[in-house]
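User: I'd like to go through the labels people put on a model like this and ask what each one rests on. Could you take me through them?

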Amino acid sequence: MAGCNVVSTPPDVPDAAPGRIERVEPPSWWTGMQTPLQILVKGEKISAYNVSIAGGKGVRVKSVTPGDSPDYVFVDVTVSASASPGTYWLIFETREESFKISYEIGARSREPRKSFSSEDMIYLIMPDRFANGDPANDTVEGLPDGADRSADFGRHGGDLRGMMDHLDYIEGLGATAVWSTPLLLDNQPEASYHGYACCDYYQIDPRYGDNELYRAFVDSCHTHGLKVVMDVVTNHCGTCHWWMENPPFKDWYHVFPTYTGTNVLFSAYMDPHASEYDRNLQESGWFVPSMPDMNLDNPFVLKYFQQWAVWWTEYAGLDGFRVDTYPYNEPGPMSRWCEAVRKEYPWMNIVGECWDTEVSQLAYWQSGAKNHDGFDSHLPCIMDFPLRESLVAALNEDTPGWGQGMARVYGSIAHDFAYADPENMMIFLANHDHSRMADVLQHDPARMKIGLALLATLRGIPQLYYGDEMFFAADGGRDNDGAKRIDFPGGWEGDPVDYFTPEGREKGGVSDLYEYTARLFNWRKGCPVIHHGKTLHFLGRDNTYAYFRYNETDKVFVFVNNATEEVTVPWSHYAEIVPGPAEATDVLTGEKILLSDEMRIPAKSVIVAELLSL
């Protein structure tokens, strides 16, 4: 029976003394997996021991490989399809002694799941700045970066419990998925709040909670109809990671005689004229001095990260991954990383942060691209940075020159021919690495409403950064990362206003934009023509932009007036898709309207209209 201990304890082998084995990763596994199991074991001079496994049929040690350090071995274990779930025992033996440690192999989940897609809206949260549900874990003994809400780069105390407390808010906003910035242990002495300098890949940071609470968070999200996208970093760890002083292999991470940073030259991968020197710096140089660059060309490192992703998916019931700093990784190994994860979970979507505003270079990274060198990343989804740059620039241009204003957005969508799958691209106005949209858009909510309407109706997978639905601005106008990643009002006991509640939003004067956002994205949930429909767009030379999302049965019309004056909709220009005036429902007001050449659109506004049957 699944989950029962049907294996036996080996006789006459004592348990390992406390502390004898420092690390066993992955900490458990499952029957029926496609991914081969390779267990990293760390213990003093452990490479001198023979290793076997006992406890039941169908599980055996295939090979044992010592690391360069005598304190590591890598144990390849075969788990047959007929193996029984239960407790197994890794046995370590020399002529002088023997001891054992337990190893759990559970029954694989067969629950069907769907990953994130263009049917979803993804809500991005920075946990430390969202809500503090458990003040007792704000400062944890042994972790140097304690809570200090007054410090831009300090820990503020947000945690998993705080996110769980406000899933109703996220669901009510119209989101269908949650992407949280990393929750794994980041033990850097300063600015550890962002989580991108991981110090333990198998442990949730205690200041957020623990592994069991993370699994409960995922379950709660699913109860609220929210998928969970885990933010993972394969390119680098933190300098405080436990393996830094004693790595398993000398080339576990990239080492230079002196600190050497990446040259941030993404073109080195697809440039036919690029030098090996430039390419090596791009993929091997460190991201920043506190983040060592992992060497994925080492097959044991690559295997470590492949099964780490599989472990978290199976353990927590994840629905997708977002991969940080994707092009900084070695392309070949990362292609094999994606391939391995999707072999285990063919339904899994993975989005890569490929921060490149050159369309031709960005398109290179999406699986299925017809690249000149034959490279296929096996990465199904990419973040649409060119569109983001076009949107932000256009929304700030009141009197645009040639090719500016809404012509930028038209031009960005016109480049969809370059992408293997434009529908499977994450589109966004901002994320945690950008300035706050209120600051970017001159604190003008009319500009933000246009941006939100575009985000909700253009092709792709919309992602909304927490607080942008209420036009959060950087704390005190400061533009450093810590100040931009502000606390969500109401997420801490004693906050003077609570934006999680209607009363608090009314008090704070943010209700209008919140309600606008919630109407848009709750409508989008049930609109298949937006999820998968085609696009037909029209460029106006007066800083306007019009497009239809359509399929065989439905049409949605979007008209953006980004100008400073009222304009008339040139409806007759669209006769190729809708001949003559048409009745429609205004999505934002619910009113019935007539789309025709007499229709006028106020300055700095947008209309989203569902056409009635024609």
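Analyst: What follows is a set of questions about burial, backbone, sheet and empty space in this predicted model.

User: Let's start with burial. Why is Lys 604 called buried?

Analyst: Buried means under 20% relative accessible area. Lys 604 comes out at 13%, so the label buried applies. As for its place, Lys 604 sits in the loop between strand E25 (600-601) and strand E26 (605-611).

User: And why is His 443 called partly exposed?

Analyst: The relative accessible area of His 443 is 49%. Exposed needs over 50% and buried needs under 20%, so a value in between is called partly exposed. You'll find His 443 in the loop between helix H10 (437-440) and helix H11 (445-457).

User: What is there to say about phi in His 443?

Analyst: Phi of His 443 is near 55 degrees, a positive value, and the residue is not a glycine. Lys 604 is another non-glycine residue with positive phi, about 50 degrees in its case.

User: What makes the peptide bond from Glu 25 to Pro 26 cis or trans?

Analyst: Look at omega: it is near 0 degrees for that bond, and the bond is cis. Pro 26 belongs to the loop between strand E1 (21-25) and E2.

User: What makes E2 and strand E8 a pair?

Analyst: Two strands pair if there are at least two bridges between them. E2 and strand E8 (residues 98-107) have 4 bridges, in the parallel sense. For one concrete partner, take Ser 28, whose bridge partner in E8 is Glu 104.

User: Which strands make up the open sheet, and in what order?

Analyst: There are 4 strands, in the order E2-E8-E7-E4, with mixed pairing. Strand E2 (28-31) and strand E4 (50-54) are at the edges: each has a single partner strand, so one side of each has no neighbour in the sheet. On average, neighbouring strands of this sheet are turned by 35 degrees against each other, ignoring direction.

User: Now the empty space. How many cavities are there of 30 Å³ or more?

Analyst: The search of the whole structure finds 2. The largest cavity holds about 80 Å³ of space, and the second largest holds about 60 Å³. They're called cavities because a 1.4 Å probe fits inside but cannot get out.

User: What supplies the lining of the largest cavity?

Analyst: Strand E10 (177-180), H3 and strand E13 (227-232) each give at least two residues. E13 has the largest share, with 4 residues. Among the lining residues are Ile 204, Tyr 214 and Phe 217. By class, the lining has 9 nonpolar, 2 polar and 1 charged residues.

User: And which residues line the second largest cavity?

Analyst: Among them are Pro 182, Tyr 196, Asp 231 and Trp 308. That lining has 9 nonpolar, 1 polar and 1 charged residues.

User: What is the volume of the largest pocket, and what lines it?

Analyst: The volume is about 470 Å³. Of its 27 lining residues, His 194, Tyr 196, Phe 287, Met 291 and Asp 433 are the closest to the centre. The lining divides into 14 nonpolar, 6 polar and 7 charged residues.

User: Which helices contribute to the lining of the second largest pocket?

Analyst: Helix H3 (211-223) and helix H5 (299-316) each supply at least two residues. This second largest pocket has a volume of about 330 Å³, and its lining has 6 nonpolar, 4 polar and 7 charged residues.

Note on methods. Residues are numbered from 1 along each chain as its sequence is written. This is a predicted model: local features need pLDDT of at least 70, side-chain atom pairs count only at pLDDT 80 or more; totals for chains, interfaces and linings use all residues. Side-chain values use heavy atoms; hydrogens and water are left out. On a 1 Å grid over the protein atoms alone, a cavity is a set of points where a 1.4 Å probe fits but cannot get out, and a pocket is an open set with protein on both sides within 12 Å along at least five of seven lines; lining residues have an atom within 4 Å of a point. Grid points are joined across faces, edges and corners, and a volume is the space filled by probe spheres set on the points. Ala, Val, Leu, Ile, Met, Phe, Trp, Tyr, Cys and Pro count as nonpolar, Asp, Glu, Lys and Arg as charged, and the others, Gly among them, as polar. Axes are lines fitted to C-alpha atoms, for helices over the stretch in contact, and angles run from 0 to 180 degrees between N-to-C directions. Buried means under 20% relative accessible area, exposed over 50%, partly exposed in between (1.4 Å probe, protein chains only).
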